[in-house]
Amino acid sequence: MLGGFSSSLLLKSSVGFTVHPQTRSASLFISSGTGILCDCPMTDYSMSMYPDTQEIYRRLDALMQLPIHGIRPDAMKMYLEHFDTHCAKSKEMVTEARKFIPGGVQHNLAFNHPFPIVIEKADGAYLWDIDGNRYIDFLQAGGPTMLGSNYKPVRDKVIELINEQAPVTGLFSEYELKLAKEINRHVPSVEMFRMLGSGTEAVMAAIRVARLASKRKKLIKLGGAYHGWSDQMVYGLHIPGTGGFEAHGIPKSCRKHTQEVYPNSIDALKKNLTMNKLKGGTAAVIVEPVGPESGTRPVDREYNKHVRELCDQHDVFLIFDEVVTFGRIGLSGAQGYFGVKPDLTVFGKVVAGGYPGAGGLGGRRDIMEHLAAGIESGKKRAYVGGTLAASPISSAAGYYTILEMERTNACQKAGRAGDRMTAGLEKLIQERNLPYVAYNQGAICHLETVGAMFVKLNLIRNLVTLKIRSVLREISERKAAMEEMGAAYMAEGIITLGGSRMYTSMADTDEVVDDALNRFARVFDNAK
Ligand SMILES: Cc1ncc(COP(=O)(O)O)c(C=O)c1O
């Protein structure tokens, strides 16, 4: 399936390819901008078909009209007893940790209810806790491990590298070049690549360089999207219209130039771009290409193309945040799938294959050249850095992960698991006549049971109509129900992301997925 790679520079035109997911065939496209004409490498995608977004929103609206269908109190009592009897060592360690670590846990994705579980082994599709319980792992560390956890062929290469070189030297290692070339081969819009310490850092770098290159300040994001936790991006998190709701400890001035628009509304984006012209202009529009929160609010199939067109019309940079989607939708990212070429692409997670130092920024040569590093005076550059950024470990792990994913067709396998899981969940939901909604974008599965992120919260409107208290109460009730749901899944041996998302990997065979479905069935049997 892999084609060769040849390139020639095309000025004032951009090139990518449109993939037709049903047939898995691809065609080349050419649009405006600077780009590279390539005989594009054809990688497979995890998405076998694009979800019907209108139908998803219709069902989510219906879910939100109903009372919460959480876990029955008697069943919840049983699940909580399970944690006390089967997870005693975790409980003891976390109780001790609370004295030294705020909240007793360091990861935002770790379940706190009834207490965090201490993991001591990860392998493929499974995790084991210190009490010896085995879990099917659909958190997958938040997404980087498309080959499954602790994948041996990559681990062996990393160990070899540590033995022969060093985990870090602060100077150039061959793997930096190997990884950058590999990314360029799969993601042609990335003419140049710079590795950074995390997705958060890479988003910061993208915004900084976009501002430097455009000489403008405003940044438009989609409401509800997550782009890391930098001062300027803790804005409109989780729920569209929430502005600085979560921005505790962040001065208002930090988000002065950040704006949010409602996902899927091209008119709103157009309006903002037009209005911004009176305020010094927009530096960039940044999107999660499958929709905010890794597609929790999915965007319509053509949305990204329309965003690209608008950015071209207004001469504004388009940034794709592919921290989750690079490698999870396909090795050419969501941009390969949608056939849209961004000016800059943010990387994270899969880019270091589950090893530390998972961040990177790539894109047009003329923009990326503002990010040159090294001791050199007199150059106007967007200043970024990091002691451990582009370490031999992260670069080599990313490089070998990409090679292995290509060799094993990991995206397609993980997507197949996502499809099987979603179809199975939908069957369970329908058989029990529950109002839940399951859908997937390949290896990203969504299971909305309580809709905690779908409460309609609009800070300004709710304050004006004095509804803010009841809306906040609803959010907190739905969040509590979601935590219970997540705890029930965990007691049944399934680890999810926040009780509503599951990342599948190549390790999720039909057998693993079917086992998980039996466990989900038991939880659904205990729903109100
Ligand atoms: C879309 C997106 N952007 C940025 C980030 C931040 O990446 P990191 O956690 O590596 O800082 C995340 C993290 O989950 C993400 O999902």
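H238 is found in the loop between β9 (218-222) and β10. In this predicted model, phi of H238 is near 65°. That value is positive, and H238 is a residue other than glycine. H238 counts as partly exposed, because its relative accessibility is 28% and the partly exposed class runs between 20% and 50%.

Strand β10 spans residues 258-261 and includes E260. E260 is buried. No salt bridge is formed by E260. The nearest side chain of opposite charge belongs to K221, at 5.9 Å. A salt bridge would need a side-chain nitrogen of Lys or Arg within 4 Å of a carboxyl oxygen of Asp or Glu. The side chain of E260 has backbone partners instead. A polar atom of this side chain lies 2.9 Å from the backbone nitrogen of G241. The backbone nitrogen of G243 is likewise reached by the E260 side chain, at 2.9 Å. Both glycines recur in the list of contacts that E260 makes beyond its neighbours within four places in sequence. That list also holds K221, G223, G224, Y235, G236, P240 and T242.

A second positive phi occurs at E293. The angle is about 55°, although E293 is not a glycine. E293 is found in helix α8, which covers residues 292-295. The relative accessible area of E293 is 10%, so E293 is buried.

The ligand has its own set of surrounding residues. S198, G199 and T200 are among them, as are Y226, H227 and G228. E288, D321, V323, V324 and K349 also belong to the set. Polar atoms of three residues can be placed relative to ligand atoms. For T200, an N or O atom in the side chain is 2.6 Å from an oxygen atom of the ligand. For Y226, a polar backbone atom is 3.4 Å from a ligand nitrogen. For D321, a polar side-chain atom lies 2.6 Å from a nitrogen atom of the ligand. On its own, the ligand has 390 Å² of accessible area, and the protein covers 81% of this.

G148 lies in the loop between β7 (134-137) and α4 (152-164). Its relative accessibility is 3%, so G148 counts as buried. G148 and D508 are 360 residues apart in sequence. In space, their C-alpha atoms are 7.9 Å apart. Leaving aside neighbours within four places in sequence, G148 is in contact with G124, Q140, S505 and A507.

A cis peptide bond joins H113 to P114. Its omega is near -5°. P114 sits in the loop between α3 (88-97) and β5 (119-123).

The protein as a whole contains 16 helices and 18 strands. It has 528 residues, of which 57% count as buried. Contacts between residues distant in sequence can also be tallied. Among contacts with a separation of 6 or more, 73% involve residues 24 or more positions apart. The protein exposes about 22800 Å². Carbon and sulfur atoms supply 55% of that area.

Notes
Residues are numbered from 1 along each chain as its sequence is written. This is a predicted model: local features need pLDDT of at least 70, side-chain atom pairs count only at pLDDT 80 or more; totals for chains, interfaces and linings use all residues. Side-chain values use heavy atoms; hydrogens and water are left out. Helices (H or I, at least four residues) and strands (E, at least two) are DSSP runs, numbered from the N terminus. Buried means under 20% relative accessible area, exposed over 50%, partly exposed in between (1.4 Å probe, protein chains only). Lys and Arg count as positive and Asp and Glu as negative; His and the chain ends are not counted. A polar contact is a pair of N or O atoms within 3.5 Å; within protein, one must be able to donate a hydrogen and the other to accept it, and residues adjacent in sequence count only if both atoms are side-chain atoms. Contact means heavy atoms within 4.5 Å. A residue is near a molecule or strand if one of its heavy atoms lies within 4 Å of it. Accessible areas come from the Shrake-Rupley method with a 1.4 Å probe; for residues, only the protein chains shown count as cover.
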